[in-house]
Amino acid sequence: MPTEQTKEVYSKLKAGLPYTDFCVYDGSILSSFQHHLSINNAIYVETNRDAVESVFIQLKKLYKNVYRQPDAAFMSDYIDLQTNCIIVKTLVTESPLMIADGIKVPTLEKLLVDTQKDADFDYLRGAESLNMYELAFDLYSINTQRLMRYARRRNISHEINSLINQIRNDK
């Protein structure tokens, strides 16, 4: 479910850029899948490649800590996920999304793949990845076909398949 802050960001973006398509979610939703809990107070806004700059500018006018497509080094050096911030990045075409409270949000399958691919989730790699996948598969019904289709779109199907096989072998 979207948080009040996520709803606020979404409604302000829709008011300022009514014809732009985007998905908005709170980074804290990742906490429930982590073994070593790391705080993530970022709000993520994903939009079409040609709208990233417009969305970034719109949000920069309204909020203090807004970042556009940060890489892993920038995330590590300059972004404190314990403070409120907004990260704007490109929405991959055909990303698995759903509507929650009138807001486009990512499906769990999208989040699982993105944590393995996107630089802003670099801190979740390694052993934490396996823990996240195990918890997600234990707690929720994961659409493996959707997960793998999106992983192929992101060119990491081999890595995702490896994680899934590790989980199956551990059981």
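These are my notebook entries on a few residues and one helix that I looked up in this predicted model.

**Entry 1: Asp26**

I began with Asp26, which I found in strand S1, the run of residues 22–26. I wanted to know whether Asp26 is buried or exposed, and what the nearest side chain of opposite charge is. Asp26 turns out to be buried, and it has no salt bridge; the nearest side chain of opposite charge belongs to Lys7, which is 11 Å away. That distance cannot give a salt bridge, because a salt bridge needs the nitrogen and the carboxyl oxygen within 4 Å. I then looked for what the side chain of Asp26 does reach, and noted the backbone nitrogen of Ser28 at 2.9 Å. Leaving out residues up to four places away in sequence, I listed Thr3, Thr6, Asn40 and Ala42 as the residues that Asp26 touches.

**Entry 2: helix H6**

Next I turned to helix H6, residues 144–153, and asked which of its residues are buried. I noted Leu147, Met148, Tyr150 and Ala151, and these cover an arc of only 165° around the axis, so they lie on the same side of H6. Looking for what covers these buried residues, I found that the cover includes helix H4 (108–117), helix H5 (127–139) and helix H7 (157–170). At the start of H6, I saw that a side-chain oxygen of Asn143 comes to within 3.2 Å of the backbone nitrogen of Gln145.

**Entry 3: Asn155**

Just after H6 I stopped at Asn155, which has a positive phi of about 60° although it is not a glycine. I placed Asn155 in the loop between H6 and H7, and I recorded it as exposed, because its relative accessibility is 65% and the cut-off for exposed is over 50%.

**Entry 4: Gln69**

I also looked up Gln69, which is not a glycine either, yet has a positive phi of about 40°. Gln69 sits in the loop between strand S3 (66–68) and helix H3 (72–78), and with a relative accessibility of 40% it counts as partly exposed. Which residues is Gln69 in contact with, once its neighbours within four places in sequence are left aside? I noted Val52, Val88, Lys89 and Thr90. Following up Thr90, I found that Gln69 and Thr90 are 21 residues apart in sequence, while their C-alpha atoms are 7.5 Å apart in space. Their side chains make a polar contact with each other, for which I wrote down 2.3 Å.

How values were computed: Residues are numbered from 1 along each chain as its sequence is written. This is a predicted model: local features need pLDDT of at least 70, side-chain atom pairs count only at pLDDT 80 or more; totals for chains, interfaces and linings use all residues. Side-chain values use heavy atoms; hydrogens and water are left out. Helices (H or I, at least four residues) and strands (E, at least two) are DSSP runs, numbered from the N terminus. Buried means under 20% relative accessible area, exposed over 50%, partly exposed in between (1.4 Å probe, protein chains only). Lys and Arg count as positive and Asp and Glu as negative; His and the chain ends are not counted. A polar contact is a pair of N or O atoms within 3.5 Å; within protein, one must be able to donate a hydrogen and the other to accept it, and residues adjacent in sequence count only if both atoms are side-chain atoms. Contact means heavy atoms within 4.5 Å. The arc is that of the directions from the helix axis to the C-beta atoms.
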